Amino acid sequence: MIAQFEQERTRLRAVAHRMLGSFAEADDALQEAWIRVEKADTSEVENPQGWLTTVVARVCLNMLRARRDHAFEMPDPVIDVHEEPEHQAVAKDEVGLAMLIVLDTLKPDERLAFVLHDMFAVPFDDIAPLIDKTPAAARQLASRARKRVQDRPAPTVDLPKQREVVNAFLKASREGDLEGLVSVLHPDVVLRAGDLEVIGGRTVAGRAGTFRKYASMAEVQFALIGGEFGFVTRVDGVLFSAMAFTVRDDKIVAIHVIQDKEQLAALVSHGG
């Protein structure tokens with residue numbers, strides 16, 4: 001079964017990442033699951049793939065339940081800094097940053113039911129025992145989570161158009177053009193940076209204008225961040241920040257800023 005585990009590692013890590021929102025925690029979960037698999041009697045396991053998925057899911061569920069209430073922490077999206085990112089194909093199984101943020105607001109049982117069923121096609125009959133519920137109750141949890149996910153901000157334009165809007169935002173920020181910023185921001189745009197949340201076009205424009213303070217010495221590189229267009233910045237060659245933008249109908253409806261240096265380095269390394 002350990003050999004099967006290694007064959008399934010990439011998929012199992014994807015399960016753990018969607019459950020936990022953190023690549024580091026996903027790796028911890030896989031290590032714990034590996035230990036459990038090594039010790040388990042698997043002689044009667046008929047579906048190794050399904051069984052391994054439930055082992056990893058149970059470990060992740062325990063980790064989610066053990067979390068204490070905490071301030072908002074930015075989850076880990078994949079950051080792809082290849083040339084001409086608007087021409088890159090977004091991996092079909094890639095989970096966007098907005099999706100990860102919504103998943104992080106779900107209760108542990110809801111998150112497990114939704115992730116396993118909707119993302120990995122695990123039957124509710126197999127999910128129910130993990131959360132001590134009936135299959136019908138597990139289905140209801142997934143349905144409740146699905147509604148939250150469907151209500152999240154999501155792009156409605158293709159990547160080249162996203163780049164055009166983000167470039168307009170960047171140009172206006174560098175020039176300190178408040179009205180230019182307001183023109184590309186939705187009136188109810190939400191900006192998140194760590195535990196900071198700012199809502200409203202003019203308010204966000206005022207905050208975003210501070211980008212001008214270091215723009216003259218920052219190198220900007222466009223990137224796909226969780227499958228959405230954005231950019232990373234470097235100061236003296238060192239990663240400084242990543243900004244992901246959700247664009248709907250030619251307006252920016254959400255901006256997510258990542259500034260933790262260790263997180264940035266790990267995410268860019270993971271994304272290539």
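Visitor: Which residue follows H6, and what is the sign of its phi?

Guide: Helices here are DSSP runs of H or I with at least four residues, while strands are E runs of at least two, both numbered from the N terminus. In this predicted model, H6 is followed by alanine 121, whose phi is positive, near 55°.

Visitor: How should I read the numbering and the limits of such a model?

Guide: Residues are numbered from 1 along each chain as its sequence is written. Because the model is predicted, local features need pLDDT of at least 70 and side-chain atom pairs count only at pLDDT 80 or more, whereas totals for chains, interfaces and linings use all residues, and side-chain values use heavy atoms, with hydrogens and water left out.

Visitor: What span should helix H6 have, and how far apart are its end C-alpha atoms?

Guide: The expected span of a helix is 1.5 Å times one less than its number of residues. Helix H6 covers residues 108-120, so its 13 residues should span 18 Å, and the end C-alpha atoms agree with this at 17 Å apart.

Visitor: Which residues of H6 are buried?

Guide: A residue is buried when its relative accessible area is under 20%, exposed when over 50%, and partly exposed in between, using a 1.4 Å probe and protein chains only. In H6 the buried residues are Asp109, Glu110, Arg111, Leu112, Ala113, Phe114, Val115 and Leu116. Across the protein, buried residues make up 48% of the 272 residues.

Visitor: Where is the confidence lowest, and where is it highest?

Guide: The value to read is pLDDT, the predictor's confidence in each residue, from 0 to 100. The protein has a mean pLDDT of 81, and 81% of its residues reach 70 or more. Confidence is lowest in helix H12 (residues 212-215), at a mean of 58, and highest in helix H7 (residues 124-127), at 94. Over residues 89-93 pLDDT stays under 50, and for these residues the model has four contacts (heavy atoms within 4.5 Å) beyond four places in sequence.

Visitor: How many bridges join strand E5 to E6, and how many join E6 to E7?

Guide: Two strands pair if DSSP finds at least two bridges between them. Strand E5 (residues 228-235) is joined to E6 by six bridges, and the two run antiparallel; E6 and E7 are also antiparallel, with seven bridges. Arginine 234 has leucine 239 in E6 as its bridge partner, and arginine 248 has lysine 251 in E7.

Visitor: What lies in the turns of these hairpins?

Guide: Two residues separate E5 from E6, and aspartate 236 in that turn has a positive phi of about 55°. The hairpin of E6 and E7 likewise has two residues between its strands, where aspartate 249 takes a positive phi near 50°.

Visitor: Is strand E6 mostly covered or mostly open, and where is isoleucine 258?

Guide: Strand E6 (residues 238-248) is mostly covered, with eight of its 11 residues buried. Isoleucine 258 is in strand E7 (residues 251-258) and is buried, with a relative accessible area of 2%. Its C-alpha atom is separated by 8.5 Å from that of alanine 244, 14 residues apart along the chain.

Visitor: Are the loop residues glutamate 8 and serine 22 buried or exposed?

Guide: Glutamate 8, in the loop between helix H1 (2-7) and H2, is buried at a relative accessible area of 12%. Leaving aside neighbours within four places in sequence, glutamate 8 is in contact with Gln49 and Leu52. Serine 22, in the loop between helix H2 (9-20) and helix H3 (23-39), is buried at 15%.
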